[in-house]
Amino acid sequence: MNGDFVIGGIFAIHYYMRAELNTYTTIPAQPQCAGSMEFRQLRFARALEFIIHEINNSTDLLPGITLGYQIYDSCSAVPMSVKVAFQFANGLDPVFNDTDSCLKPAAAAVPAFVGETSSTPSIAMASTLGLFGIPEVSHSATCKCLSDKRQFPTFFRTVPSDQHQAAAMARMVKYYGWTWIGAVRSDTDYGNYGMAAFLKAAQEEGICVEYSEAYYRTQPRSKLERVANVIRRSTARVIVTFLASGDTKFLLEELARQPLPPLQWIGSEAWITQTEFLQFNICAGAIGFGIPKSVIPGLREFLLDLSPAQAMKSPLLTEFWESAFSCSLKGRTGLRKCDGGEDIQALQNPYTDTSQLRVTNLVYKATYAIAHAIHAVICNNMQCNKTITFTPWQIYEQFKSVNFTTKNGYQVNFDSKGDPAALYELINWQFKEDGALDFVSVGYYDSSKPRGQEFKMSSAISWVGGQTEVPVSVCSESCPPGTRKAVQKGRPVCCYDCIPCAEGEISNKTDSLNCVRCPPEFWPNARRDSCFPKPLEFLSWDETLGIILTVFSITGAFMAICVIAVFYKHRASPIVRANNSELSFLLLFSLTLCFLCSLTFIGRPSEWSCMLRHTAFGITFVLCISCVLGKTIVVLMAFRATLPGSNVMKWFGPPQQRLSVLAFTLIQVIICLLWLKISPPFPFKNLKLYKQKIILECDLGSSIGFWAVLGYIGFEAFLCFVLAFLARKLPDNFNEAKFITFSMLIFCAVWITFIPAYVSSPGKFTVAVEIFAILASSFGLIICIFAPKCFIIVFRPEQNTKKHIMGKVPSKAL
């Protein structure tokens with residue numbers, strides 16, 4: 001169609017190209033499109049005609065100006081697209097006529113054109129026509145590479161770049177927890193660039209790809225079979241595709257030949273809304289991003305306003321009519337003659353289907369964008385000058401500021417890269433009541449929204465096989481809390497083993513990469529998914545061992561008090577007076593303190609209890625041993641005083657005895673004070689002895705102070721034992737020295753055994769060993785020294801006489 005200005009259009013109406021050799025030369029003839037016609041692409045071409053007519057009838061856009069058009073078939077091939085590019089630049093007529101267009105006079109070059117359909121031919125055309133400054137406005141070429149203004153300065157498009165679609169796909173896959181996927185793409189710029197963008201975004205989202213295969217429809221069938229077998233054998237249940245519709249058709253047909261495991265298809269905009277693929281039930285539940293559906297008033301009536309006579313005027317429309325009705329308009333052999341009874345109104349094919357106007361609306365936008373750019377160059381205040389001379393570069397400059405709303409209500413503008421805002425409709429293939437598949441819009445994706453708000457779901461999604469549950473596609477099941485992921489050698493990071501956290505470590509999240517060690521005072525629970533405070537262990541009052549030791553301690557103190565009562569009641573008796581009653585009472589008092597000081601070792605350690613337990617133990621035991629030592633010396637001195645001329649007792653009378661006991665005890669008091677001053681005992685949480693619990697104990701502070709206290713007690717006990725041993729055979733019916741010898745023997749045995757037991761006992765048993773040593777040595781002293789005396793006082797009062805004690809009456813009891 002001629003006009004004041006001619007807009008070009010190029011569509012992939014056929015998908016094959018052939019070039020036949022000239023009969024008389026070896027030079028190939030001009031390439032020709034072949035193969036079956038794509039009715040949907042013909043609809044795009046005719047939509048361009050409709051839009052041009054609509055613009056020509058407009059009163060506010062290019063008033064008084066008539067637009068024409070030149071429409072070409074690229075057959076989705078680069079050679080044909082380059083040929084058309086030069087025709088646009090040189091002003092040649094369309095090729096769809098009966099004569100050779102090269103022989104016709106050249107017309108004016110087009111100022112801009114709509115197309116191409118595919119990315120690879122668009123790249124070739126944009127590279128060629130960019131040199132002439134002729135703008136290309138594509139309705140379907142989505143390769144993100146075309147956004148590079150340094151390489152393609154005059155390229156614009158009304159379809160979003162695949163950069164947005166790839167990112168949206170990756171985020172959707174991540175949202176549904178699919179970390180193990182397959183990937184198939186067309187082996188074209190569209191497929192390769194689109195899949196590369198998706199794989200990059202998927203990697204950032206932590207998604208692994210089991211396989212990534214490429215296929216192009218002109219490749220050998222063996223390649224198609226290999227790709228199909230890879231899909232069948234894979235363990236990934238989700239397959240992401242960047243496929244052109246032609247490649248999708250071949251792949252689905254091949255996969256339908258043999259049983260296929262249920263797959264969740266994620267489709268790109270090139271095929272997810274193609275009605276011809278709804279026959280493949282293997283794609284039930286497919287989901288993908290499609291161009292939003294739209295309405296173009298009057299288009300359906302225009303498409304159906306076609307008669308056999310009108311079809312005869314165009315080779316393309318002739319081919320369409322003959323293909324649609326399987327008859328011949330021109331009497332071709334092998335087909336019946338069209339009789340005029342064909343009803344295009346009843347025809348059901350992609351050409352007449354205007355219920356899913358998606359890419360067609362992008363043609364609508366692209367055509368109007370060119371018209372607005374021309375209007376901006378030649379019109380001023382609604383006055384247009386059709387004689388004005390302008391260059392394509394001027395039209396190109398106007399595209400940068402194009403911003404308008406189409407008649408059917410869609411905003412059109414371009415960013416600095418020549419791209420529109422990315423708006424996708426989320427399409428889901430769902431079964432209808434009659435069992436057939438249909439497209440259902442379940443949401444949308446709008447890149448202009450803030451991050452995190454781009455997706456909006458409007459209805460439920462039907463998944464693979466029509467299921468309502470989201471399918472699972474992972475290489476390895478999620479690692480529960482309490483475990484960590486360990487990548488399997490030689491496999492992607494999504495393939496891993498779940499290793500239980502090591503002792504003392506936890507993980508409280510699903511799919512943790514590392515386990516975290518609990519703080520020192522905490523320990524993992526049985527599931528190792530949380531830390532809880534370690535139980536505190538110490539010798540408590542309410543546990544069995546603590547109760548037993550407490551009972552023995554109180555019993556010992558009670559025994560000592562009873563002995564004191566007996567001795568006090570019979571303080572005037574010979575046996576009490578003969579055994580130094582003053583030191584005996586002091587010894588009994590100190591033994592009472594020894595029994596009671598063991599109670600300071602029971603209970604939760606505190607700062608005061610830690611300082612008290614060791615110092616009280618040290619001082620009371622020294623007081624006790626000092627009294628025993630004093631009694632032993634008294635015995636020795638008493639027998640020595642009986643020798644003629646000896647006056648030794650005047651040096652060891654009661655005052656001297658008190659002073660010696662005080663002196664011996666004062667030394668221990670000084671040792672304890674120095675210990676408390678320099679480095680006193682303190683409560684301490686022992687975290688090293690046990691991993692799963694904390695031992696509350698009293699740290700000695702200064703080990704030297706502790707062993708000095710014990711050493712001094714041991715020195716006194718040993719000295720007392722030696723002296724008592726020397727006096728054991730002195731003549732007397734009741735020689736106290738032999739009982740002291742037995743008591744000191746027990747005392748020394750207990751404390752010698754105590755040392756290795758104390759060092760090797762764990763936790764609270766260390767305290768128990770120390771209490772046992774205190775009680776055992778205390779019981780040894782009170783039983784060995786005072787039990788025989790109490791027995792005589794209470795049960796053998798006839799032996800409690802001076803004569804008997806002096807040995808003048810033979811003893812029957814002993």
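User: Hi! Which residue is the bridge partner of Glu136 in S7?
Analyst: Phe155 is the partner of Glu136 in that strand. Do keep in mind that this is a predicted model.

User: Sure. How many bridges join S6 to S7, and do they run parallel or antiparallel?
Analyst: Strand S6 covers residues 136-138, and three bridges link it to S7. The two strands run parallel.

User: And what is the strand order in that sheet?
Analyst: The order is S4-S1-S5-S6-S7, five strands in an open sheet with parallel pairing.

User: Which strands stand at the edges, then?
Analyst: Those are S4 (67-73) and S7 (155-157). Each has a single partner strand, so one side of each has no neighbour in the sheet.

User: Which strands does helix H3 touch?
Analyst: H3, residues 119-129, packs on the sheet and is in contact with S1 (5-11), S5 (113-114), S6 and S7. Its direction makes about 165° with that of S6.

User: Nice. Where's the cis peptide bond around there?
Analyst: Gly115 and Glu116 are joined by the cis bond, with omega at about -5°. Glu116 sits in the loop between S5 and H3.

User: Back to S4 for a second. Which loop holds Cys75?
Analyst: Cys75 is in the loop that runs between S4 and helix H2 (78-90). Cys75 is not a glycine, yet its phi is positive, at about 45°.

User: Is Cys75 buried or exposed?
Analyst: Buried: its relative accessibility is 1%, and the cut-off for buried is under 20%.

User: What about Arg528, what's its phi?
Analyst: Phi there is near 55°, again a positive value in a residue other than glycine. Arg528 belongs to the loop between strand S26 (522-524) and strand S27 (531-533). With a relative accessible area of 28%, Arg528 counts as partly exposed.

User: Switching topic: what's the order of the open sheet of three strands?
Analyst: That sheet is ordered S28-S30-S29, and its pairing is mixed. S28 (536-537) and S29 (682-686) are the edge strands, each with a single partner, so each has one side without a neighbour in the sheet.

User: How many bridges join S29 to S30?
Analyst: Five, and the two strands run antiparallel. S30 spans residues 694-699. Within S30, Ile695 is the bridge partner of Asn686.

User: Now the surface. Which residues form a nonpolar patch?
Analyst: Leu666, Ile670, Leu674 and Ile678 do, and together they have about 400 Å² of accessible area. Leu674 is part of helix H17, residues 654-678. That leucine, Leu674, is partly exposed, at 48% relative accessibility.

User: Two serines to finish. Where is Ser777, and what does it touch?
Analyst: Ser777 lies in helix H20, residues 764-795. Leaving out residues up to four places away in sequence, Ser777 touches Phe621, Phe747, Val750 and Trp751. Ser777 is buried, with a relative accessible area of 0%.

User: And where is Ser355?
Analyst: Ser355 is in the loop between strand S14 (336-337) and helix H11 (359-378). Ser355 counts as partly exposed, its relative accessible area being 47%.

User: How far apart are Ser355 and Ser294?
Analyst: They are 61 residues apart in sequence, and in space they are 8.4 Å apart, C-alpha to C-alpha.

Technical notes. Residues numbered from 1 in each chain as written. Predicted model: local features only at pLDDT ≥ 70, side-chain atom pairs only at ≥ 80, totals over all residues. Heavy atoms only, no water. Patch = residues over 30% accessible without salt bridge, like charges linked within 9 Å, V, L, I, M, F, W, Y side chains within 5 Å. Areas by Shrake-Rupley, 256 points an atom, 1.4 Å probe, with all protein chains shown as cover. Salt bridge = Lys/Arg side-chain N within 4 Å of Asp/Glu carboxyl O. Helix = DSSP H or I, 4+ residues; strand = E, 2+ residues; numbered from the N terminus. Buried < 20%, exposed > 50% of the residue type's maximum accessible area, 1.4 Å probe, protein only. Pairing = 2+ DSSP bridges. Contact = heavy atoms within 4.5 Å. Axes fitted to C-alpha atoms, helices over the stretch in contact; angles between N-to-C directions.
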